[in-house]
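Good morning, colleagues. Please bring up the sequence and the structure, and keep both in view while I speak.

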Amino acid sequence: MSGNDDIAHIEEELPLQDLPLDAWHRAKGARMVGFAGYHMPIQYEGIMAEHGWTREHAGLFDVSHMGQLLFSGEGVDEALELLLPSDIKGLKPCRQRYSMLLDDEGGILDDLMVSRLDGAAFDGADIYMVVNGATKYDDIGWMIERLPDEVVMNHMDDQALLALQGPEAGEALAALIPETADLVFMQSAPFIWRGVPLWISRSGYTGEDGFEISVPAADVTLLADALCELPQVKPIGLGARDSLRLEAGLPLYGHDLSPAVSTIGADPGFAIQKRRREEGGFIGHARVMKELADGPGSKRVGLKIEGRMPAREGAPIYAGGTQVGEVTSGGFAPTVGAPIAMGWVSLPHSAIDTALEIEVRGKRIAATVAPMPFVPHRYRRKA
Amino acid sequence: MSRYFTEEHEWIDVEGDIATVGITDYAQEQLGDIVFVELPAEGTSFEKGDDAAVVESVKAASDVYAPISGEVVEANGALEDEPALVNSDAEEDGWFFKLRIGDASELEGLMNEAAYKKFVASL
């Protein structure tokens, strides 16, 4: 028997590093794998059980491998509007946006979250950014080269990041910090818990209501313990994080998003606000404008798969005898109870309900372009 | 009946000229929740080491090799409806397929249960 667990891809050249919660994960019985340069928990009791727990209660995820960056200085908004296609000037204090880092040709270097701080947190820095773990050093290098001297970037590698996700996440976090109940989706704020300064946003990447909590590495074990003592909360591994985000229809960088794919085809419309589309002035704007005018060559779509056999990343997608695309994320969806996939297909085959075929180990299986998310989002928005 | 084990985490029960093949409890534990098993059709002939079946967990697909040569005489249809049988009963009801043994000498050199336990402990 041989496995080819794609999330357990180990970067053999570099020794894996330990995250601040490493010993905590092991004590909780996690199975650890190499991911993005770190030992990470892939599962505790099993992906199906952990996935279900998060959909019904609240799951605690360690996402400390992600890069947490601070920006401050004169002209920081203008500098970031060159690097990001999003409206940074219009970003109000304690608000967060999904954005992307584009290369000169408009290809996607990373997707990220960007927030305006409140003027006091993190020593008065202006902007807080969370980027993917596997790309963080490349992102930092890319941005440093393009930021003016007046803007300072600080990589907070002594800061851990937890995500608490699920319908009971709000109730659970309020048991420790009652004021967090006032946050709504994509809002963030500073809080103090037992003397520890936290920066908490109401967001996540599972499709559920929930929070991301930035905490000093020295205090993260204490916080993780306090959260897991609550009846609603259990630790959840990377495996379930991936199946949850796939059901939520959210793209994963390095799989569904890459420099090769089109920003407009990725459907991150909400990452590029109207003013930025029209005015431009960001790296990669030419391609974005061209694709807005002409349409992208291909699109990121959801795929419902007939039968029980999952289609994985890399499986070719056919319309009759012609290959029209490729699966970029795929697996068994525990909440849906069937295999699902995300992939890129050429524009004429991207409409909802288009019948396609996916080739898995030489066999064709029937698939249909399906609306995403596969499981409805349950974000807590303003009433 | 004798039971043999491979370093690829298959078990083989031999009764007369028929071998029943499955994956070990250790293997199912490593794979996690199993959601699909692709089994060979009856009448398929394998050489030792051929891809014989595929077991899919939530996250990944893994190949199962034919541990010895032979012809498939039966596949475990119960796994079609209930792939999780491999998790709950890997070494009995969760068997994959039965082979008519092609070359019994290939069984020589495979591990017995004690040797397999020692092998797993060393991993």
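I will go through helix faces, charged residues, backbone geometry and two distances.

First, the conventions. This is a predicted model, in which local features need pLDDT of at least 70, side-chain atom pairs count only at pLDDT 80 or more, and totals for chains, interfaces and linings use all residues; side-chain values use heavy atoms, with hydrogens and water left out. Residues are numbered from 1 along each chain as its sequence is written, while chains are lettered from A and ligands numbered from 1 in the order in which they are written.

Let me begin with the helices of chain A. Helices (H or I, at least four residues) and strands (E, at least two) are DSSP runs, numbered from the N terminus. Buried means under 20% relative accessible area, exposed over 50%, and partly exposed in between, with a 1.4 Å probe and protein chains only. The areas themselves come from the Shrake-Rupley method with a 1.4 Å probe, and for residues only the protein chains shown count as cover.

Which residues of α5(A) are buried? They are A:Lys136, A:Asp139, A:Ile140, A:Trp142 and A:Met143. These residues cover an arc of only 165° around the axis, which puts them on the same side of α5(A); the arc is that of the directions from the helix axis to the C-beta atoms. The face turned away from that buried side carries the exposed residues A:Tyr137, A:Asp138, A:Ile144 and A:Glu145. As general background, an α-helix has 3.6 residues a turn, so residues three or four places apart point the same way.

Helix α6 of chain A, residues 169–176, can be described in similar terms. Its buried residues are A:Ala169, A:Gly170, A:Ala172 and A:Leu173. Here too the arc covered is only 165° around the axis, which puts these residues on the same side of α6(A). On the face turned away from the buried side of α6(A) are the exposed residues A:Glu171 and A:Ala175.

I turn now to charge. In general, side chains of opposite charge can pair when their charged atoms come close. A salt bridge is a side-chain nitrogen of Lys or Arg within 4 Å of a carboxyl oxygen of Asp or Glu, and by this rule the count comes to 29 over all chains.

Consider A:Glu45 and A:Lys234, a salt bridge whose closest N and O atoms are 3.3 Å apart. A:Glu45 lies in the loop between β3 (38–43) and α2 (47–56) of chain A, and A:Lys234 in strand β14 (residues 233–235) of chain A, so the pair ties together parts that are 189 residues apart in sequence. A:Lys234 counts as partly exposed, at 29% relative accessibility.

A:Glu145, on the exposed face of α5(A), forms a salt bridge with A:Arg146, with 3.4 Å between the closest N and O atoms. A:Glu145 is exposed at 65% relative accessibility, whereas A:Arg146 is partly exposed at 23%.

In chain B, B:Arg3 and B:Glu92 form a salt bridge with their closest N and O atoms 3.8 Å apart. B:Arg3 is in strand β1 (residues 2–5) of chain B and B:Glu92 in the loop between α3 (85–88) and β9 (97–101) of chain B, so this pair ties together parts that are 89 residues apart in sequence. Both partners are partly exposed: B:Arg3 has a relative accessible area of 23%, and B:Glu92 is at 49%.

There is also a salt-bridge network, which links A:Glu81, A:Asp87, A:Lys89, A:Arg97, A:Arg275, A:Arg276 and A:Glu279.

Next, the backbone. Most residues other than glycine have a negative phi, and most peptide bonds are trans. A:Phe122, although not a glycine, has a positive phi of about 50°; A:Phe122 is found in helix α4 (residues 121–124) of chain A. In chain B, phi of B:His9 is near 70°, and B:His9 lies in the loop between β1 and β2 (10–15). At 11% relative accessibility, B:His9 counts as buried. The peptide bond from A:Met372 to A:Pro373 is cis, with omega near 0°, and A:Pro373 is in the segment after β20 (363–370) of chain A.

Finally, two distances. A:Met143 of helix α5, buried with a relative accessible area of 0%, is 28 Å from A:Lys299, C-alpha to C-alpha, the two being 156 residues apart in sequence. A:Leu21, in the loop between β1 (2–3) and α1 (22–27) of chain A, is buried with a relative accessible area of 1%. The C-alpha atoms of A:Leu21 and A:Ala174 are separated by 23 Å, with these positions 153 residues apart along the chain.
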